[in-house]
Each structure stands twice: as C-alpha cells, then as structure tokens.
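User: I'd like to learn how to read the empty spaces and the ligand site in a model like this one. Could you walk me through it?

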Amino acid sequence: MFTFSDFLYVIDQQLIHNRNKSLFYEIANGRLILSPSKETVELLVRRIDEVSAFIQLAAKEDTYQHLLSYAADKTLNLFTEVNQYLNFNDTHKRKLEKIYQDFFERICTIATHGEITKEIDQLFDLHYRNLQSFLLESNGSEIFKKYKESPNIIYVECAEYSPSFQLGLFGIDLLTIEEPVLDLGCGVHASLVQFLRKKGIEAYGMDRSVSSNRYTYRMNWLESTFCPKTWGTVISHMAFSNHFTHHHIKADGDYERYARKYMEILYSLKIGGSFYYAPGLPFIEKVLSSNHESFVIQVNEHATKVIRVSE
Ligand SMILES: C[S@@+](CC[C@H](N)C(=O)[O-])C[C@H]1O[C@@H](n2cnc3c(N)ncnc32)[C@H](O)[C@@H]1O
C-alpha cells in the first residue's frame with residue numbers, strides 16, 4: 001500500500017532530482033530542462049491507481065493539508081537556498097499549496113481517464129510552468145533573467161560569519177552594549193546570539209531560516225512588526241541592509257517597502273540605542289542625516305551605526 005511517508009519520500013527525491021537545474025532554462029523545442037526522476041516515472045507508470053487512491057483518501061482528511069504544506073515548504077526552502085534574495089510570505093505559500101493541489105488532482109484525473117505514459121511529460125511540464133508563473137508573480141521577472149541563460153542553477157552565496165568577526169567589524173564593546181539586543185537575519189545557527197547570551201547579554205535572533213526557540217524567532221523581517229522603543233541594540237550583518245541594497249538596485253525592486261521597514265527598525269530602538277549594519281546604505285543614510293534630527297549616523301568603510309538620540 002502507498003503510504004504517507006512514501007509520498008513525502010517521492011516529493012523529497014523529486015526535488016533532489018531537479019535540485020541543480022534551472023526552472024527557467026529551455027532546451028530544444030521550448031522544452032524545460034526540469035523533468036520527473038526515473039523513480040517518479042516508474043512509480044506513476046506502475047502504481048498510479050494506488051497513488052491516486054492515496055491522494056483521494058488524504059483529500060478527505062487533515063493529512064492533505066499537511067502534505068500540501070510539506071511540499072510547499074520544501075519548495076520554498078529550496079528556492080531561498082538557491083537565491084537568498086527571493087522572498088515569500090504566507091499568501092505565496094498558500095498559492096504554492098494550490099499549485100501542488102492542482103498537480104495531485106491531475107494525477108487522479110489521469111488515473112481515471114487517461115494514459116499516464118502518454119501524459120506524464122505534459123503533467124510535469126504544466127506543473128513546472130505553474131512554478132515559473134508563481135515565481136514571476138511573487139518576485140518579479142528581473143531576478144530570473146539570468147536563470148534563462150544557463151541550464152545549471154546559479155547559487156547566490158548566503159554565508160554565516162563568526163561572532164568575533166561581526167563584533168570586530170562593528171566595533172561593538174560587550175561592556176557597554178545596550179540591551180536587549182536583536183540580531184536581525186541571525187542565520188540558521190544564530191551564533192552571535194548564542195555567543196552574546198553566553199556572556200550574559202540579553203540577545204534575541206530573527207531569521208526566516210532559524211528554528212524558533214525561547215530567544216530565536218523564525219520570521220520574515222518584512223512581515224514582522226518592530227515595536228517602538230524596544231531594542232537597545234539591533235545588529236544586522238550581511239542581512240537586512242544587503243537585501244535593501246538589492247531591492248534598491250533591482251529594476252523591479254520593492255525598495256519602498258524596505259525603506260519603510262528600515263524606519264520602523266530605527267524607531268524600534270530605545271533612546272540611546274543603536275542599529276549596526278553592513279553593508280552601509282548611503283542612498284538612505286543621506287536622506288536620514290538631512291531630515292531626521294533624532295538619529296546620528298556614523299559610517300566607516302565597511303559598516304554603519306545609527307544611534308537614536310531623541311524622540
Ligand atoms: C548572509 S546571511 C547572514 C547571517 C548572519 N547575520 C551572519 O552574518 O552570519 C543572511 C541571512 O538573512 C536571512 N534572511 C534573508 N531574507 C530574510 C527575511 N526576509 N527575513 C528574515 N531573514 C532573512 C537569511 O535566512 C540568512 O540567514
């Protein structure tokens with residue numbers, strides 16, 4: 001019998017199969033380079049009735065939502081691992097779940113009326129085209145231009161740096177650091193947060209990829225609210241300002257949303273608190289220093305510190 005864990009396994013191995021291929025690259029006759037794996041083809045050809053029966057049964061139960069959510073989460077993680085500048089919110093996730101739901105339903109329709117060997121290419125091609133539309137609708141077309149040119153995935157590096165490197169770069173003195181501290185885009189390992197807490201400093205981390213625990217929050221900074229006068233220090237190394245710069249440069253970038261979030265973060269500082277970030281944001285720092293007396297900006301070659309000095 002085809003089981004729930006069999007289904008999860010098929011999703012995983014199918015994503016691994018296409019892992020390094022570009023979803024936007026077309027080979028001869030406009031065909032996409034992505035394909036079903038040998039195992040998936042064999043499974044569908046030999047056991048489509050079982051797969052279809054499983055889907056129809058799951059669709060009547062809560063497990064179906066779990067299945068759709070699993071497929072969507074895995075796919076979104078893969079997308080953001082490939083390119084850290086891609087951004088997705090809960091609405092996008094629901095749209096992706098619907099794409100998987102339609103895909104699974106088409107498998108059931110083929111099982112009843114069709115011939116899988118003849119329809120399998122079309123089944124997957126349609127699914128991949130739906131994923132393309134999903135990406136273009138959620139993130140604009142500019143970011144995907146380069147993915148049309150190469151069959152292999154172009155990875156955008158998303159490294160994590162040691163606490164001592166980050167503290168040194170920002171010139172942060174642990175004896176005078178204002179608490180509480182928020183590390184915005186703290187990375188999967190939240191190593192700076194762990195380091196600060198071991199030193200007895202009240203520190204928290206936020207990142208869309210970190211696991212949530214008592215002091216780390218798995219959250220998207222664009223979807224989060226930064227409450228006024230909350231933080232003594234906000235640190236964001238190669239994270240928020242890097243993404244803000246990306247949106248500032250990109251032709252269809254969402255720079256206004258980033259500018260509003262930047263101001264919200266600044267107002268989430270207590271009076272006397274500081275926001276340290278790298279890279280710097282000269283295009284907004286210029287505006288800030290001429291229009292806002294509440295903030296003092298200190299810029300060096302690699303990093304910026306903005307201090308909130310008044311209301
Ligand atoms: C280059 S890493 C830097 C990590 C850490 N600050 C360091 O220097 O080691 C950038 C981090 O930003 C996170 N990130 C990117 N976009 C995000 C978003 N919209 N909301 C929350 N975190 C995000 C990524 O998950 C990644 O962990």
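**Ligand contacts, pocket and cavity**

Analyst: Happy to. Let's begin with the ligand: one of its nitrogen atoms lies 2.9 Å from an N or O atom in the side chain of asparagine 220. Please keep in mind that this is a predicted model.

User: Which backbone atom lies 2.9 Å from a nitrogen atom of the ligand?

Analyst: That is a backbone N or O atom of tryptophan 221. On the side-chain side, a polar atom of serine 209 is found 3.3 Å from an oxygen atom of the ligand.

User: How much of the ligand's accessible area does the protein cover?

Analyst: On its own the ligand has 600 Å² of accessible area, and the protein covers 97% of that.

User: Which residues come nearest to the ligand, and what classes make up its shell?

Analyst: The ligand has 20 residues around it, and the nearest are Tyr161, Gly185, Asp207, Trp221 and His237. Sorted by class, this shell holds eight nonpolar, nine polar and three charged residues.

User: Now for the empty space. How does one find it?

Analyst: The general idea is that a probe the size of a water molecule, rolled over the atoms, shows where empty space is left. In this structure, the ligand takes up the space of the largest pocket, which holds about 1,100 Å³.

User: What lines the largest pocket?

Analyst: Its lining has 39 residues, with Thr80, Asp207, Arg208, Ser209 and Met219 nearest the centre. Helices H3, H4 and H8 (240–249) each give at least two residues to this lining; H3 has the largest share, with five residues. By class, the lining of the largest pocket has 14 nonpolar, 14 polar and 11 charged residues. Notice that Asp207 appears among the residues nearest the ligand and also among those nearest the pocket centre.

User: And how many cavities of 30 Å³ or more are there?

Analyst: The count is one, and the largest cavity has a volume of about 560 Å³. Its lining is made up of 36 residues, and Leu15, Asn18, Tyr100, Tyr128 and Leu131 are the closest to its centre.

User: Which elements give two or more residues to that lining?

Analyst: Five helices are named here: H1 (4–17), H2 (38–59), H3 (63–82), H4 (90–113) and H5 (116–139). H3 and H4 also supply residues to the lining of the largest pocket.

User: What is the class make-up of the cavity lining?

Analyst: The lining of the largest cavity divides into 27 nonpolar, seven polar and two charged residues. Set that beside the pocket lining, with its 14 nonpolar, 14 polar and 11 charged residues.

Notes. Residues numbered from 1 in each chain as written. Predicted model: local features only at pLDDT ≥ 70, side-chain atom pairs only at ≥ 80, totals over all residues. Heavy atoms only, no water. Near = heavy atom within 4 Å. Polar contact = N/O pair within 3.5 Å; in protein donor to acceptor, adjacent residues only side chain to side chain. Areas by Shrake-Rupley, 256 points an atom, 1.4 Å probe, with all protein chains shown as cover. 1 Å grid on protein atoms, 1.4 Å probe; cavity = no way out; pocket = protein on both sides within 12 Å on 5 of 7 lines; lining within 4 Å. Sits in = over half its atoms within 2 Å of the grid points. Nonpolar A, V, L, I, M, F, W, Y, C, P; charged D, E, K, R; others polar. Points joined across faces, edges and corners; volume = space filled by probe spheres on them. Helix = DSSP H or I, 4+ residues; strand = E, 2+ residues; numbered from the N terminus.
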